[in-house]
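Below are some notes for a colleague who is opening this structure for the first time. Please read them alongside the sequence and the coordinates.

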There are 2 protein chains.
Amino acid sequence: MMNMKTTEELTKQLNDLERSLYVFHHLSSLVELDATTAAPQDTTVGRSAVMEYLSNENYKAFASEETGELLNALISDKAELSVREARQAEVLKRDYDQMKAIPQEEYVAYDVLISEAQNAWVKAKRENDFASFAPYLEKIVESQLRFVDYRDPQHLRKPYDVLLEDYEYGLTTEFLDAFFDELKKTIVPLVHQISERSWQPRSDFLHQEASIEKQRELSDFLMKVLTIDRNHCSIGETEHPFTLEFNKDDVRITTHYHLAEVMSSFYSVMHEGGHALYELHTGEDLRFTSLASGASSSIHESISRFFENIIGRSREFCGFILPKMKELFPQQFADVSTEEFYQAMNIAQPSLIRTEADELTYSLHVMVRYELEKGLISGYIAVKDLPRLWDEKMQEYLGIEVPSDTRGVLQDSHWGSGYFGYFPTYALGNAYGAQMHERMKQDVDTAGCCERGDLAPVVSWLEEKVFRYGRMMDPVPLFEQYCGAKFTPEPYCRYLKEKYSNIYGL
Amino acid sequence: MMNMKTTEELTKQLNDLERSLYVFHHLSSLVELDATTAAPQDTTVGRSAVMEYLSNENYKAFASEETGELLNALISDKAELSVREARQAEVLKRDYDQMKAIPQEEYVAYDVLISEAQNAWVKAKRENDFASFAPYLEKIVESQLRFVDYRDPQHLRKPYDVLLEDYEYGLTTEFLDAFFDELKKTIVPLVHQISERSWQPRSDFLHQEASIEKQRELSDFLMKVLTIDRNHCSIGETEHPFTLEFNKDDVRITTHYHLAEVMSSFYSVMHEGGHALYELHTGEDLRFTSLASGASSSIHESISRFFENIIGRSREFCGFILPKMKELFPQQFADVSTEEFYQAMNIAQPSLIRTEADELTYSLHVMVRYELEKGLISGYIAVKDLPRLWDEKMQEYLGIEVPSDTRGVLQDSHWGSGYFGYFPTYALGNAYGAQMHERMKQDVDTAGCCERGDLAPVVSWLEEKVFRYGRMMDPVPLFEQYCGAKFTPEPYCRYLKEKYSNIYGL
C-alpha cells in the first residue's frame with residue numbers, strides 16, 4: 001500500500017498518539033496510586049468502572065487500524081525520521097503487536113480483573129487467607145495463558161518466555177536457568193559456610209523502637225543524599241513501598257515505617273530512590289513519549305538495588321550514615337562503632353521476607369518465585385498448591401519454616417497485579433549492578449563518594465551512561481555500551497564472595 | 001423531527017452517557033485530589049496535559065449534537081420515563097445548555113487555566129504575593145464574563161445572577177441583597193452589644209499545644225460520632241480542608257491540624273463530615289447518575305454548617321465532648337467546666353479567617369466576599385483593587401485590620417477555582433439549617449441526641465428527608481417539602497439572638 005502522508009503529517013500523528021498514551025498512563029497510574037494510598041477500603045465499584053473506561057479508550061486509541069497503519073508507515077519511512085522518532089516507531093510497534101493480538105473485550109476484562117485482584121490480595125494478606133485470593137489468581141493465570149496463545153499462536157516459544165519479554169526484551173528461560181545455576185554455585189556454599197561459622201554480628205540496636213517522626217526525618221535526609229529534588233519527587237507511606245512515575249518531573253516513591261525496624265524504611269528509601277533517580281533523569285527530549293522510562297525492569301532494578309546495596313550497604317556509606325543515626329536515635333546507636341554498624345547492615349541469614357532479605361540470600365527468595373511462576377505458566381503447578389509448594393521451597397532454599405501465608409506466598413503484590421516474569425529481573429538487576437559498578441569505578445571514586453555522602457558524581461555518571469537513554473536502546477545493547485563488555489554473572493559472584501568472606505572471616 | 005428510537009434505546013443511551021460523565025467526574029476529581037494532597041510542587045506540566053485531555057473528552061461526550069438530540073427525545077418522551085429518568089433528562093438538559101453555549105476551545109482552555117490558577121493561588125498565599133496571582137484571577141474573571149455572555153446573549157439577567165445559578169438554581173442578587181440586609185439587622189447590633197459588654201469567656205485552654213497524634217485520635221472519634229463508615233470515607237490532611245465525593249461509596253474529607261488550635265480541626269471535621277454524610281446517603285438508585293449529589297450548594301452547606309454549629313457548638317454536644325477532650329488532652333482541659341467549654345466554643349469576636357470564624361460574625365465574612373465578587377462580575381471592581389477593597393471591607397464589617405493578603409484576600413481557594421457565586425451559599429446554608437432544625441425538632445430530640453453523642457436519629461431524619469433525594473428536586477421545592485414552609489431568615493436570626501444573648505447576658 002502506498003504511503004500517502006508526508007513525514008511531517010506522520011510525525012504529527014505520532015506525537016498525538018504519544019500524547020494520548022501519556023494521558024492514559026497518567027490516569028491509570030493515578031487510579032492505582034489512589035487505590036493503594038488514599039482510597040477507603042470498600043470503594044472498588046467506582047474504580048472498576050473507571051478502569052474499564054480507561055482500558056477501553058486506551059485499547060481503542062492504540063490498538064486501532066489507524067495506529068497500525070501509522071506505525072507501518074513510519075517504519076517504512078524510517079530514513080526520514082530522527083533517531084528518536086524511528087525508535088519510538090519501533091518500540092510502539094512492538095507494544096502495538098502485543099496489545100493488538102488480544103481482543104479488546106478480553107484486554108479490558110483483564111484490566112478490571114487486575115484492579116479487583118489487587119484489592120483481594122490486600123485483604124487476603126491482611127487476613128492470612130490465601131483461599132479468598134486464589135480464584136483471582138486462577139483467573140489471572142488463565143488470562144495470561146490465553147494471551148500467550150494469542151501472542152504466539154504457533155507456540156514457537158515457551159509460554160513463560162513470552163511473558164518474560166514484557167519486562168526484559170530478549171530474556172529467556174534458558175538464559176535464566178543458566179544464570180540462576182551460576183548464582184546458586186556461589187551463594188549456597190557461602191550461606192552454608194556462614195551457618196557453620198555460627199557467629200553473627202551484634203544487631204540489638206536495629207530492633208529497638210525508633211520514633212516514626214525521626215524515621216521520617218531520616219528519609220528526608222536520605223532523599224537529599226540521593227540528590228533527589230523533592231519538588232519533583234514526593235515520598236509517601238504505603239504498606240508495600242513502590243515507585244510510580246508520571247513523567248520526569250513528577251515521580252512518587254513510598255516507604256513503610258516499622259517502629260522496631262529502623263533500617264527497613266532506610267533501605268526501602270534507598271531502593272525506591274534509585275528507581276526515582278532513573279525516572280527523574282531520563283532525557284528531556286523523551287518526555288511524554290513511550291521512550292520516557294527505563295530500558296527494562298532488570299536495568300531499573302540494577303539501579304535501585306545498586307543504591308540499596310552496593311552503595312547503601314558499603315562500609316564507606318555506613319561510615320557516613322552512622323553519625324546521622326546517632327544524632328536521630330541517640331539511645332539506640334550511642335555505643336555502636338562503624339564496623340559494628342557495617343556488619344549489622346550485612347548480616348546474612350535466611351529470612352522470610354524478600355524485601356527485607358540481605359544481599360546474599362536475596363536471590364534465593366527470587367529463585368523460589370521464579371520456579372513457582374515458571375511452573376504456573378508452564379501448567380505443571382496449580383494455584384491451589386502454591387502455599388504448600390512455597391513453604392517447601394523456602395525450606396529447600398533457605399532452610400526455614402513459613403509460619404503463615406501472609407509472611408509466605410502472599411507477601412508480594414506481583415502476582416495479584418499479573419506480573420509473571422518480573423521477579424527474575426530483581427536477581428538479574430543485582431548482577432547487572434555489580435558489573436556496572438566495576439565499570440563505573442574506572443571513572444568515579446565511588447568509595448570516596450560514599451565516605452563523603454556526596455553521591456552527585458555517581459548520579460551524574462548514571463545520568464550520562466544510563467538514565468538519559470530511557471528506552472532509546474534495548475537493555476542488552478545498552479548494558480554492553482555502558483559496561484564496555486558482555487554481561488556475565490562473575491562480577492556479582494565475586495562481589496558477594498569477597499564481601500561476605502571478609503565480614504564473616506571465611 | 002420524529003423521534004425514531006424506542007424508549008428503551010433512549011434510556012440505554014442515557015445510562016451510557018451518565019456512565020461516561022461519571023468517569024470524567026471521577027478522573028477530574030482524582031487529578032484535583034492528587035494535586036492538593038500528594039503531588040510534588042513542580043508538577044503542573046503533566047497535569048495540565050491530562051486536564052486538557054479530560055476537558056476535551058468531557059466536552060465531546062456531553063456537548064455533542066447526539067447528546068442534545070438524546071435529551072430532547074427523552075424530554076418529549078417524558079411520559080414513558082420513570083420519575084428518576086425524567087429528572088435526569090431535565091437536569092442534564094440544563095447542564096448541557098450551559099456547556100454547549102461555550103465553544104469547546106474556550107471551555108477546555110478555561111479548565112486548563114483553572115488547574116494552573118489553583119497552583120498559582122497556593123504559591124501566592126504561601127508567599128503573601130497577590131500580584132503573582134492577579135493575572136490568573138483576571139483571566140478567570142474575563143472568561144466568566146465571556147461565558148455569561150454566551151449563556152445569556154440577550155442580557156436578560158444580571159451577569160452575577162447567571163453565575164449564582166451554577167450553585168443554587170433560581171438564586172438571584174435581588175434575593176441575596178434582601179437576605180443579607182435582614183441578617184445585618186440582627187448580627188451587627190449583636191456584635192456591637194457584645195463588644196460593648198467587653199467581657200469574653202476564658203479560652204486559654206484552646207490555644208495550648210495539643211499533640212497532633214491526639215488530634216488525629218479526636219478526628220477518629222468524631223467520625224464515629226458522626227456515624228461515618230470509614231470503609232467508605234477517608235480523612236486526609238491538606239492545607240485547606242475539603243470534601244470530595246467520587247460516588248456514594250467513596251467519599252474523602254480532609255482536615256488540617258494546628259498544634260496550638262485544637263478546635264480548628266475539630267470543627268473542620270464536623271463541617272466536612274456533614275458534607276460527607278450527605279454524599280454517603282444519597283439514594284442508592286441515583287448512583288452513577290447526575291442526580292447522585294446534593295440538591296445545591298446552599299442545601300449542602302446547610303448540612304455541613306448544621307453539624308459544625310447547630311450540633312457541634314450546642315451546649316449539649318459540648319457537654320458530651322468535654323470528657324473526651326479531658327481524656328485526650330488532660331493537661332489542657334483538666335480544670336475546664338462544661339459551661340466554660342460551651343462558652344469558649346461560642347466566643348463571638350471579629351477575626352480574620354472565615355473558616356475559623358464564630359457563628360455570629362461568620363456571615364459578615366461572607367458579605368465581604370459577596371460584595372467583592374458581585375463587583376468583579378458586574379465590572380465595577382478590578383482585580384488589582386481587590387486587596388485594598390478587601391481590607392477596607394474587613395474594617396467596615398468586622399472592624400479589624402488585615403495584616404497580610406495571606407490572611408486576607410488570598411485566604412480562600414474559591415476564586416482561584418473560578419467559584420464566583422459560591423460564597424453566598426454559606427450564609428444561606430446557615431439560615432436554611434436553622435429553619436430545618438426547627439422542623440427536625442418536631443420529630444427528633446436533637447438536644448438529647450447531642451447529650452448522648454448519638455447522632456444516628458439525626459442522620460436518619462436527614463437521610464429520609466434530604467439526603468436520599470440527591471438532585472431529584474430543585475433546592476427550593478426540596479427545602480419547602482422537608483421544612484413544610486417557605487424559607488425565611490427569621491429562624492436563623494432568632495437562633496443567633498437567643499444563643500448569644502444567653503451566653504453574653506445581653
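**Notes on strands, domains and chain contacts**

1. S1(B) and strand S3 (residues 250-255) of chain B run parallel and are joined by 5 bridges. Within this pairing, Gly236(B) has Thr254(B) of S3(B) standing opposite. The model is a predicted one, and these remarks should be read with that in mind.

2. The sheet these strands belong to is open, has 3 strands in the order S1-S3-S2 (chain B), and shows mixed pairing. Which strands stand at the edges? They are strand S1 (233-237) and strand S2 (243-247) of chain B; each has a single partner strand, so one side of each has no neighbour in the sheet. On average, neighbouring strands of the sheet are turned by 20 degrees against each other, direction ignored.

3. The contact between the chains takes 31 residues from chain A and 32 residues from chain B. On the side of chain B that touches chain A, the elements giving two or more residues are helix H1 (7-37), helix H2 (44-62), S1, S2 and S3 of chain B. H1(B) provides the largest share of that side, 10 residues. By class, the residues on this side of chain B divide into 14 nonpolar, 11 polar and 7 charged.

4. Chain A is assigned domain 1 (7-154) and domain 2 (173-504). The C-alpha centres of these two domains of chain A are 27 Å apart. How many residues of each domain are in contact with the other? In chain A, 33 residues of domain 1 are in contact with 29 residues of domain 2.

5. Four helices of chain A give two or more residues each to the side of domain 1 that touches domain 2: helix H1 (7-37), helix H4 (83-100), helix H5 (104-126) and helix H6 (130-151). The largest share, 10 residues, comes from H6(A). This side of domain 1 of chain A has 18 nonpolar, 8 polar and 7 charged residues.

6. A single residue may also be worth a look. Leu389(B) lies in helix H16 (residues 386-398) of chain B. Is Leu389(B) partly exposed or buried? Leu389(B) counts as partly exposed because 17 C-beta neighbours lie inside 10 Å, whereas 20 or more would make a residue buried. Leaving aside neighbours within four places in sequence, Leu389(B) is in contact with Leu372(B) and Ile381(B). From Leu389(B) to Val368(B) the separation is 21 residues in sequence and 9.2 Å in space, C-alpha to C-alpha.

Key
Residues numbered from 1 in each chain as written. Chains lettered and ligands numbered in written order. Predicted model: local features only at pLDDT ≥ 70, side-chain atom pairs only at ≥ 80, totals over all residues. Domains from an automatic or database assignment. Contact = placed C-beta atoms within 7 Å. Nonpolar A, V, L, I, M, F, W, Y, C, P; charged D, E, K, R; others polar. Pairing = 2+ DSSP bridges. Axes fitted to C-alpha atoms, helices over the stretch in contact; angles between N-to-C directions. Buried ≥ 20, exposed ≤ 12 C-beta atoms within 10 Å, placed from the backbone.
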